[in-house]
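Work through the exercises below with the sequence and the structure side by side, and try each task before reading its solution.

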Amino acid sequence: VEQSREFMVLAIIPMNEPQLNATWMPDFPGLADAENCRDWEPGFAMDTGKIRDKDEAYWDQYRGTPKAFVNIMVGQQMWGNRWGELTAIRYPANTDEKAMAASLQAKLTPQELGMSFVPLREQALAATDAPVDFGQLFVGFSFFLIAAAAVLTALLFVFSLEQRNQQAGLLLAVGWRPREVRRILFSEGLLLAVIGSVLGAVAALLYTRLVLRALATVWRGAVGSVEFVFAPQPLTIIGGVIGSIAVAAFAMWLASRRQLRNSARELLAAGGVLEMARADRRGRKSRSKMIGAVAVVGGLVLAAFAGGAPAVFFGAGALLLIGGLAFGLAWLQRAAGNDAASAGLGALGLRNAARRRGRSLATIGVLASGVFMVVAVDSFRQRPATESAPRNSGTGGFALVGRSALPIYEDLNTATGREAYALDEKALAGVGIVPMRVRAGDDASCLNLNRALQPELLGAKSEELSSRSAFRFAGAAKDAGDPAWALLDAEAQDGVVPAIVDANTLQWALQMKLGDTLDYQDERGQPFKVRLVASLAGSMVQGSVLISEKHFIARFPGQSGYRFFLIDAPAANAPGVQEQLSRALQDRGLELTSAARRLAEFQAVENTYLSIFQVLGGLGLLLGSAGLGIVVARNVLERRREFGLLEAVGYQRGQLRQLVFAEHRWLIVCGLAIGVGSAIVAVWPGLHERAGGFPVTEMALLVVALALGCIFWAWLATRIALRGSAVAALRAE
C-alpha cells in the first residue's frame, strides 16, 4: 500500500557534521553491498526508473547516510511493521561500553532474540502418555456385556436348579439341611464359573492378539507406522479371572436364594416346574413404574446436561436400560394380573409371556444390552464424504486441501499472483483459494497416537471462511456468543487469543472443553494463551488450532507467506485444478490431496476403533440371541404336557408354533425397543458433533436386521423343541 505525507524542512545539517554518516542505515543485504542504486535488491518491487543521476552520485559518495530526519513517532507510524519499529539504537559518545553491555545482557534473554531451549526428554516422556485410555472405553462397553453375561448365567443356573427340584426335595426329605443342599448346588455352579472364567481369559488373550494383528495389517491406516507389542500383565489376567468368578457367583447366589425356600414335598411334587407366580399387587406395579421413571429421568438429565463424555454416555445408557427394564417389568405385571377374558393366540401368548416374569425380564435385559451396544457403536460410525459434499460437511465444501514446504507469498486468487507462477486462468476459472499461515507444532489429530503438547497453529482469514459458510460448528463457549468464524476476530482479552478447534481434537487429543486455554510462546519468547471459543463438527482441519490471521501476525511476525491451503473448486474440475497447481508450485513443495480423501483418513481411524468395539456389541447380541433361544426351548420343554393337551383337543402343530412365537415375540419387541431407545438417547448429545448427523437410513436397516435375527433364533428354538408329537407327554399325568 503506497501512502504519501508532506513534511516541512526546519533546518539543513551540513554534510561534514561528524555524527552524520552512513552508520545510521543498517547493512541490509542487497543494499549495502550494491555498487550503484540500480543494483539494489530490496526484496520488493521498486521503480528504478525514478533514480536520478544525482541520486547515484549521492550513493557513490555518502552510501546510506540519511537525506532527512523526521520525528521517530511519525516514522514508526509510516514504516513500522510486524517485524518491529526500530532498526538501530544509538547511544551518546561518552557511554561506557562495558556498562552498557552488562545492562543489555541482564535485560535481554535468548527467547527475545528468537532462541528457545526445549526440554526434549521431558516432552518425549509426556508425549508417550496417550490422551485416550482405550482400556477405560473397553471396560465401559464391556460393562453391558458383563451384565448380560451375568443375567444369562443366573438364568442357566436357575434352569439347572429347576431340573433338580426332585433331587433337592429328596435330600431335604432324608434330613439334609437347606443350607447344605444349597452349598452343594452352588459349588457345582461355582466350579463351572471357574472353568468358564479361565477359558474366557484365554479367549481374551487370543482376541487381543487378533486385534493387534488386524492393526498391523487390514487396519494399518488407523495407526500409521506405530508398532504394537503384545505385553499381557499377569496381574491383569488374574484380576479378570477373579472378577469374572465373583460376578458369576453373585449372579448365581442372587438367582437361587429363593429356590430352596420351598418344602421337600413341594419340590418332590413340582418336578421341573414350581407353581406359577401369582399376580402382583398394585403396589408392586407402582414401585416398578416409579423406579423406571426415576431411572429414565436421571438418564435423560445426564445425557442432556452433562455433555458427551464417555463416562456420561455409559452412565446415561445404564440408567436408561434400568428404567426401560423397570417399565418392562410393570408391563409384565399388568399382563399377569389382567383376568379379563381374551381371545386369540396373540392374547394368550401375552399372558403366557407374563407367567414367568423373572425369566422373561432376564431375556429382555440380555437382548436389550446387546442391542444397545450394537446400535450405540454403529450410530457413531462415519460414512465417507462425497467429492461434492455440502458446506456444512466435514470437508467444508472444499474440493482440495494442500500444504507447501516453503511459504507462498503471492495471492493466488488474483491475476498478478497467478501470473507469477504461470497459472492458466481458464483452468482456474471459478476456483477460490483460502490460504492460511502455519506455526509448526504437534499433530493433535487421531493420526497421532501420542499426546499433543502444543498443537499446530493456523492463521486463518475469517472473512473468507465466513463468506463460504465453511464447515459446521459443534458448539461455542458459554460467553463466546453464537458460534461463527467472526469469533476469531475478537480482540484478545488480557492477551488471550480466541481460537477454533475440531470437536474430536478438543475432546480426545486435547481432553479439554470449550473455554479452556492452551499455552504458547511467540517468536520473541513471550508466553501467551489461546482460548478455545468454538469447535467444528468432524472437520478435515482436525489436529490444528485456528486463530485469526491478525493475531497470528502479531505474535509470529517472522512467519511470512502461506503454507496451508483450502481449494474451493467445482467437483468436476478438481483433478485438473490439482494437476495445474501441483505442477506450477512444485518448487514450493505444494502437495494437494482430495478433501474427501483427507477427511476419510480421519474417519478410517475412528471407524477402526468402532469396529473393535463392535465386536463387543456382537458378543452381547450373541448372548441376547442365545438367551432368547434358550428361554424359548426351555419354556416349550417345560410345557410339553400342556402342548400335548392342546394337540389332543384339536390344535394343529402349526397353531402351536404360532402360539409359542406369539408368546415370545413380545420379548423380542420389548428388548429391541429398550435397547434401541436407550442407545439413541444416550448417544444423541454426541451426534451434534458429527457433520453427517444421525444416520437414519442405516440405523433403520440395522434395527430390521436385528429383529430378523431374533425372529430366526426364536423360530429355530420353537422348531427344535416342538419336534414330534407332544401327546405322549400326557401319559405322565
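**Exercise 1: A salt bridge within one helix**

Glu 579 counts as partly exposed, because its relative accessibility is 45%, and the model in which this value was computed is a predicted one.

Task: Find which residue forms a salt bridge with Glu 579, and state where the two residues lie.

Solution: Begin with the closest N and O atoms, which are 2.4 Å apart between Glu 579 and Arg 583; since a salt bridge requires such a pair within 4 Å, the two residues form one. Next, place both residues in helix H18, which covers residues 574–584, where they are four residues apart, or about one turn of the helix. Finally, turn to the accessibility of the partner: Arg 583, at 43% relative accessibility, is also partly exposed.

**Exercise 2: Salt bridges around helix H7**

Task: Determine which parts of the chain are tied together by the salt bridge between Glu 188 and Arg 164, and then decide whether Arg 177 is buried or exposed.

Solution: The side chains of Glu 188 and Arg 164 meet with an N to O distance of 2.3 Å. Glu 188 lies in helix H7 (residues 178–216), whereas Arg 164 lies in the loop between helix H5 (134–163) and helix H6 (165–173), so the pair ties together parts that are 24 residues apart in sequence. Glu 188 itself is partly exposed, at 33% relative accessibility.

For the second part, note that Arg 177 meets Glu 180 in a salt bridge at 3.2 Å, N to O. Arg 177 has a relative accessible area of 52% and is therefore exposed, the cut-off being over 50%, while Glu 180, with 24%, is partly exposed. In the model as a whole the count comes to 17 salt bridges, and Arg 52, Asp 55 and Lys 67 are linked in a network of them.

**Exercise 3: The largest nonpolar core**

Task: State how many residues the largest nonpolar core has, and which element gives the most to it.

Solution: The largest nonpolar core has 54 residues, and those with the most contacts inside it include Phe 141, Phe 313 and Phe 372. Among the elements that give two or more residues to this core are H5, H7, helix H11 (310–337), helix H13 (357–379) and helix H21 (653–687); of the contributors, H21 gives the most, with twelve residues. To see the packing around one member, inspect Phe 372, which touches, among others, Phe 144, Phe 313, Leu 321 and Ala 679. Apart from this core lies another, of 27 residues, including Val 401, Met 436, Ala 470 and Trp 485.

Methods:
Residues numbered from 1 in each chain as written. Predicted model: local features only at pLDDT ≥ 70, side-chain atom pairs only at ≥ 80, totals over all residues. Heavy atoms only, no water. Buried < 20%, exposed > 50% of the residue type's maximum accessible area, 1.4 Å probe, protein only. Core = buried A, V, L, I, M, F, W, Y, C linked by side-chain atoms within 4.5 Å. Contact = heavy atoms within 4.5 Å. Lists of a residue's contacts leave out its neighbours within four places in sequence.
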